[in-house]
Structures are given as C-alpha cells and as structure tokens.
Amino acid sequence: MFILLLGAPGSGKGTQGQRLAERLGIPRISTGDILRAAVKAGTPLGKRAKAYMDKGQLVPDALILDLINQELAKPEAKDGAVFDGFPRTAAQAEAVDKALAAKGHRLAHILLLDVPEEELVKRLLARAGEQGRSDDTAETVRTRLVVYQQETAPLIAHYAQRGGGGGGIVHRVPGVGTMDQIAEEIRRIIGR
Ligand code: AMP
C-alpha cells in the first residue's frame, strides 16, 4: 500500500510517517532525510541541494525526480511505502504517478496533516532549538511555509479531483492533539 503524507513543514509528517511505516511494515521514504544525509556526506547531490535547503527553498525538480525514481525502484518499496515530504510540486506528483503505475500501483491514501499556521511556526522554532536544523531559523521557517502554500498545497486539489469514487483518496487529519490520537485517527482512516 502506497500512502502519501501531505502537510506543511512542522505538521508532524516525519513522526507520524515513521509510526505508520513501522506499523504497516513498509519503508518510509523521506526526501528531506535523504537530502540531509547527502549534505552531511558531501555527495554531489548534497552539494547542489544545500544552498536551497538552507534558504528554505525547494531543491530543483531535476534533482528530486532522479531521487524519487531511484527510491521507488528499490526492492523494499516494491509493494508499499509511506511518502514523507514528496511529491512537493506538480512535476514531482506526475513522476510519482508514473513510477507507481510502472509497478502496477497507485496511491491508496493521501493523508493531509492539518495544523494551524501559528502552531506550525511555534513547533518549527522549538525544533530549531532541539535538533539544530540549519533550516529552522525564523526567516527560513517563513519561507518554507510560503513555499508550501505556493508549490505544494495545490496538490491537495489535484488529488482531490482525481477522486476514485465517493469521497476520493484525500483525507484531512487534524494534526493537533497527542501523537497517539493522531496515529489512531490515521489508523481509522486507512482501516488498518
Ligand atoms: P523536509 O525535511 O521534508 O521539510 O525537507 C527539508 C528541505 O529539503 C526542504 O525545505 C527543501 O529544501 C528540501 N526538500 C525535501 N524534500 C524535497 C522535495 N520533494 N522537493 C524539493 N525540495 C525538497
């Protein structure tokens, strides 16, 4: 089962994605984690991505599309995965659809973690203190939220339109509450 977690930076995608992937026994694929690892290791991808990440901007699609195709071609992602942090643009969404179709699959669920903006800012700035991420500064946080609204939020309408009968495959999950409450709501929505 392929599941996409959508939501603004700070909405809890990473935490819930990890829990969900573990529970279902499928990998969680996070382009953010892969990029941070690449930056740390100083790979060519990391070197090209770093400046964008530090500014809170999206890494260009040309780099991300390769990454997505590589990850989805891995044997461990043969039958399912939780996608965290991608697709983030229309071009990425198209690449995901194509890569899944090539395996005879499609996205089963899209979970939209919905958190009010004031709460997002609070969380991201708190995380800056805890994890020391170089992109959690006040200015970068603002940029990332704007980029999310401009580039990524339109994907919600794109997927909602696709439908698939009844209410479609996009489910809004209130992203405030305890981690357990949110995880339980996700379990209820996907039915396992
Ligand atoms: P994240 O941890 O998902 O918030 O990602 C951190 C940063 O990595 C983002 O602000 C972007 O600069 C970059 N990034 C991660 N995933 C993507 C993606 N799918 N497309 C473009 N840039 C990305």
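Which side chains meet in a salt bridge at 2.7 Å, N to O? They are those of aspartate 136 and arginine 144. The legends below come back to this pair after a look at the whole chain, and everything shown is a predicted model.

**Figure 1. The whole protein, with nine helices and five strands.**
Walk along the sequence and you meet the elements in the order β-α-β-α-α-α-β-α-β-α-α-α-β-α. The radius of gyration is 16 Å, close to the 16 Å that the globule rule gives for 192 residues, so the protein is as compact as a globular protein of that length. If you boxed up the C-alpha atoms along the principal axes, you would need roughly 40 × 35 × 30 Å. Of the contacts with a separation of 6 or more, 73% are between residues 24 or more positions apart.

**Figure 2. Inside and outside of the protein.**
Buried residues account for 44% of the 192 in the protein. What the protein exposes adds up to about 9700 Å², and 53% of that comes from carbon and sulfur atoms. As for charge, there are 27 positive and 23 negative side chains. The centres of those two sets sit 2 Å apart.

**Figure 3. Arginine 19 and aspartate 180, a salt bridge between two helices.**
The protein has 17 salt bridges, counting by side-chain nitrogens of Lys or Arg within 4 Å of a carboxyl oxygen of Asp or Glu. In this one, the closest N and O atoms of arginine 19 and aspartate 180 are 2.8 Å apart. Arginine 19 belongs to helix α1 (residues 13–24) and aspartate 180 to helix α9 (residues 179–190), so the pair ties together parts that are 161 residues apart in sequence. Is arginine 19 buried or partly exposed? With a relative accessibility of 34%, arginine 19 counts as partly exposed.

**Figure 4. Glutamate 119 and arginine 123, a salt bridge within helix α6.**
Here the side chains of glutamate 119 and arginine 123 come together at 3.0 Å, N to O. Both residues lie in helix α6 (residues 117–131), four residues apart, or about one turn of the helix. Glutamate 119 is partly exposed, with a relative accessible area of 24%. Arginine 123 is partly exposed too, at 26%.

**Figure 5. Aspartate 136 and arginine 144, the pair from the opening question.**
Their side chains make a salt bridge at 2.7 Å, N to O. Both aspartate 136 and arginine 144 are buried. They also have company: salt bridges that share partners link Arg127, Arg133, Asp135, Asp136 and Arg144 into one network.

**Figure 6. A cis peptide bond between phenylalanine 86 and proline 87.**
Most peptide bonds are trans. The bond joining phenylalanine 86 and proline 87 is cis, with omega at about -5°. Where is proline 87 found? Look in the loop between β3 (81–84) and α5 (90–102).

**Figure 7. Alanine 157 in helix α8.**
Helix α8 spans residues 154–162, and alanine 157 lies in it. With a relative accessible area of 43%, alanine 157 is partly exposed. How many residues apart in sequence are alanine 157 and valine 170? They are 13 residues apart in sequence and 9.0 Å apart in space, C-alpha to C-alpha.

Note on methods. Residues numbered from 1 in each chain as written. Predicted model: local features only at pLDDT ≥ 70, side-chain atom pairs only at ≥ 80, totals over all residues. Heavy atoms only, no water. Rg over C-alpha atoms; globule rule 2.2 N^0.38 Å. Buried < 20%, exposed > 50% of the residue type's maximum accessible area, 1.4 Å probe, protein only. Contact = heavy atoms within 4.5 Å. Areas by Shrake-Rupley, 256 points an atom, 1.4 Å probe, with all protein chains shown as cover. Lys, Arg positive; Asp, Glu negative; His and termini not counted. Charge placed at Lys NZ, Arg CZ, Asp CG, Glu CD.
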